[in-house]
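Please walk me through this structure. Begin with the overall chain, then take the sheet, the core and the charged pairs.

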Amino acid sequence: MPQPATLTRIGSTIKVNLDRVRDRIPQNLITQIEKDPRGTVKDYKMTDGIGGIGVVIEFKDGQKHWFFEDEIKKS
């Protein structure tokens, strides 16, 4: 039986783990995360048809990007 997903709560402050995302994001976002990796969870995003769920993060400058749960950590 599948285990229920444990999702980071909307409104939580998190840090993006740059080592896990560096190879899939644009350089301007890498620069942003290097300056300040913290953001607020704003929403969830289905990432594939078999239950993959990511989180939408809003950074202090207002930019929003999504990340997989294993690419973030609670700050």
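Among contacts in the chain between residues at least 6 apart in sequence, what percentage join residues at least 24 apart? The share is 47%. The model behind this value is predicted. The chain has 75 residues, and buried residues make up 32% of them. Its accessible surface comes to about 5200 Å². Carbon and sulfur atoms account for 49% of that surface.

Next, the fold. The secondary structure amounts to two helices and five strands. Along the sequence, the pattern reads β-α-α-β-β-β-β. Both helices therefore follow the opening strand and precede the other strands.

The five strands form an open sheet. Its order is β4-β3-β2-β1-β5, and the pairing is antiparallel. β4 and β5 are the edge strands, each pairing on one side only. From one strand to the next, the twist averages 50 degrees.

Two of the strand pairings can be followed in detail. β2 pairs with β3 in the antiparallel sense, over seven bridges. Within this pairing, Val 41 has Ile 57 of β3 as its bridge partner. β1 and β2 are also antiparallel, and three bridges join them. Here Ile 14 is partnered by Gly 39 in β2.

Now turn to the interior. In soluble globular proteins, nonpolar side chains tend to be buried together. The largest nonpolar core in this model has 14 residues. Which of them touch the most other members? They are Val 16, Val 21, Ile 25, Ile 33, Ile 57, Phe 59 and Phe 67. Four elements give two or more residues to this core: β1 (13–16), α1 (18–21), α2 (27–35) and β3 (53–59). Helices and strands are thus both among these contributors. Ile 57 appears in two parts of the picture: it is a core member, and it is the bridge partner of Val 41.

Ile 25 deserves a separate look. Set aside the residues up to four places away in sequence. Ile 25 then touches Leu 18, Ile 30 and Ile 33. Of these, Ile 33 is also listed with Ile 25 among the core residues that touch the most other members.

The charged side chains come next. Side chains of opposite charge can pair when their charged atoms come close. How many salt bridges does the structure hold? There are six.

One of them joins the side chains of Glu 71 and Arg 24, at 2.8 Å from N to O. This pair links distant parts of the chain, 47 residues apart. Glu 71 sits in the loop between β4 (64–68) and β5 (72–74), while Arg 24 sits in the loop between α1 and α2. Is Glu 71 buried or exposed? Glu 71 has 6% relative accessibility, so it counts as buried. Arg 24 has 34%, so it counts as partly exposed.

What surrounds Glu 71, apart from its neighbours within four places in sequence? Its contacts are Lys 15, Val 16, Asn 17, Arg 20, Val 21 and Arg 24. Two of these, Val 16 and Val 21, belong to the nonpolar core. Glu 71 is therefore a buried residue that contacts charged and nonpolar partners alike.

A second charged site involves Asp 36. The side chains of Asp 36 and Arg 38 meet in a salt bridge of 2.9 Å, N to O. Asp 36 also meets Lys 60, at 3.6 Å from N to O. Asp 36 lies in the loop between α2 and β2 (38–46), and Lys 60 in the loop between β3 and β4, so this pair ties together parts that are 24 residues apart in sequence. Shared partners join Asp 36, Arg 38 and Lys 60 into one network.

The three members of this network differ in burial. Asp 36 has 14% relative accessibility, which is under 20%, so it is buried. Arg 38 has a relative accessible area of 35% and is partly exposed. Lys 60 has 68% relative accessibility and counts as exposed.

Definitions and conventions:
Residues are numbered from 1 along each chain as its sequence is written. This is a predicted model: local features need pLDDT of at least 70, side-chain atom pairs count only at pLDDT 80 or more; totals for chains, interfaces and linings use all residues. Side-chain values use heavy atoms; hydrogens and water are left out. A nonpolar core is a set of buried Ala, Val, Leu, Ile, Met, Phe, Trp, Tyr and Cys residues joined through side-chain atoms within 4.5 Å. Buried means under 20% relative accessible area, exposed over 50%, partly exposed in between (1.4 Å probe, protein chains only). Contact means heavy atoms within 4.5 Å. A salt bridge is a side-chain nitrogen of Lys or Arg within 4 Å of a carboxyl oxygen of Asp or Glu. Two strands pair if DSSP finds at least two bridges between them. Axes are lines fitted to C-alpha atoms, for helices over the stretch in contact, and angles run from 0 to 180 degrees between N-to-C directions. Accessible areas come from the Shrake-Rupley method with a 1.4 Å probe; for residues, only the protein chains shown count as cover.
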